[in-house]
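The exercises below are to be worked through with the sequence and the model at hand. Each task is followed by a solution in steps.

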Amino acid sequence: MTSHPANESDLRSDSSRLHGEYKVPGGKLVVVDLDITDGRFSRVSLSGDFFLEPDEALEDINRALTGLPENSTAADIAQAVSAGLPKGAVLFGFSAEAVAVAIRRALSKATGWADHQWEVIPPTVLPTQVNVALDEVLTTEVGDGRRNPTLRFWDWEEPSVVIGSFQSVRNEVDPDGVSRHGITVVRRISGGGAMFMESGNCITYSLYVPQTLVDGISFADSYAFLDAWVMAALEKLGITAFYVPLNDIATDQGKIGGAAQKRLANGGMLHHVTMSYDIDADKMVDVLRIGKEKLSDKGTRSAKKRVDPLRRQTGLARSAIIGAMKDVFMERYGAVESRLTESELEEARKRVDEKFGTEEWLNRVP
């Protein structure tokens with residue numbers, strides 16, 4: 001058989017095809033190539049290192065996608081894939097939702113880590129109220145396109161309790177314990193539970209990202225997706241960590257942390273994590289009502305076992321663990337070191353005065 005080189009028009013056609021890739025966390029690579037003809041998907045070709053039975057199901061997926069409008073949502077695409085699969089088809093290492101993410105990336109509606117220039121802000125000692133305000137300021141800036149996606153490590157001095165956006169102060173904290181231990185109580189913009197944070201006893205960071213990074217990924221799956229780099233960093237330190245749905249991070253020894261998220265209308269997204277480095281369990285249950293109630297049938301001894309701090313599991317200094325996390329993130333995503341600007345700090349302090357430091361905000365949930 002005589003082979004013929006592709007003509008120039010074929011090469012132009014191939015180079016103009018849309019191409020999207022998505023690596024499923026803990027799974028396989030999904031690749032989609034397609035064209036847009038008259039506003040609809042055409043010449044759709046799905047590939048990857050996944051497993052799929054029967055073989056014919058690959059063409060069934062391609063046919064199901066062909067003809068869909070280019071403005072189809074991730075949910076529309078996933079639904080079409082599922083509906084087009086033959087009865088009994090088995091997808092291993094990927095899913096209909098993963099195909100949707102790959103397509104949305106091909107359409108530039110979704111982005112991957114490599115599509116962004118990442119920045120890292122090292123720990124900076126700031127009042128807890130300012131740290132919480134910065135989460136709102138920086139998430140807004142990323143959503144507005146005024147700041148690159150950023151990872152920021154917190155630092156603070158005063159012992160604090162940071163409650164979730166929808167929690168009640170009176171239900172979550174014991175006023176006597178708060179007064180006795182000099183605790184600052186602050187409300188954050190993300191949901192989730194209360195965090196007991198003493199200086200040097202926690203590792204806290206915030207990711208400020210565009211929502212395009214998690215386009216097509218379910219709310220639940222986005223937690224593990226955004227923290228894959230953390231799991232890799234802990235693995236390097238000899239700790240095998242994993243997510244316990246929805247938002248707890250744990251090892252076989254116990255819980256080590258929790259995450260919370262907030263998505264803004266301008267397209268910015270906050271992903272916030274606090275991990276226990278070295279915790280005073282007696283003080284924690286003295287300050288948090290929720291700690292007492294959750295453990296009322298187990299006793300204080302169990303309270304100390306429920307959270308297993310990183311200091312005990314690694315034997316490393318807190319700064320060393322943060323350093324390892326920072327290094328893995330920068331190496332994996334090509335991030336550069338950054339800093340808070342004076343205007344960002346000024347805006348955060350302004351929001352403390354107007355919002356985060358006010359009794360109205362703190363007690364907005366009765």
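**Exercise 1: a salt bridge**

Asp215 and Arg104 form a salt bridge, with 2.8 Å between the closest N and O atoms. The model is predicted, so local features need pLDDT of at least 70 and side-chain atom pairs count only at pLDDT 80 or more, while totals for chains, interfaces and linings use all residues. Residues are numbered from 1 along each chain as its sequence is written, and side-chain values use heavy atoms, with hydrogens and water left out.

Task: state which parts the pair of Asp215 and Arg104 ties together.

Solution.
- Step 1. The criterion for a salt bridge is a side-chain nitrogen of Lys or Arg within 4 Å of a carboxyl oxygen of Asp or Glu.
- Step 2. Asp215 is in the loop between strand 11 (202–210) and helix 8, and Arg104 is in helix 4 (residues 96–106), so the pair links parts 111 residues apart in sequence. Helices (H or I, at least four residues) and strands (E, at least two) are DSSP runs, numbered from the N terminus.
- Step 3. The count by this rule is 18 salt bridges.

**Exercise 2: an open sheet**

Task: give the strand order of the open sheet of three strands, and find which strands stand at its edges.

Solution.
- Step 1. The order is 9-8-10, with mixed pairing; two strands pair if DSSP finds at least two bridges between them.
- Step 2. Strand 9 (184–187) and strand 10 (195–197) each have a single partner strand, so one side of each lacks a neighbour in the sheet.
- Step 3. Strand 8 (residues 160–163) and strand 10 run antiparallel and are joined by three bridges. Val161 is opposite Phe196 in strand 10.
- Step 4. Helix 5 (residues 128–144) packs on the sheet and touches strand 8 and strand 9, contact meaning heavy atoms within 4.5 Å. The direction of helix 5 makes about 10° with that of strand 9. Axes are lines fitted to C-alpha atoms, for helices over the stretch in contact, and angles run from 0 to 180 degrees between N-to-C directions.

**Exercise 3: local backbone geometry**

Task: locate the cis peptide bond from Glu53 to Pro54 and the one that joins Pro245 and Leu246.

Solution.
- Step 1. From Glu53 to Pro54, omega is near -5°. Pro54 is in the loop between strand 4 (51–53) and helix 2 (57–65).
- Step 2. Between Pro245 and Leu246, omega is about 5°. Leu246 is in the loop between strand 12 and strand 13 (248–251).
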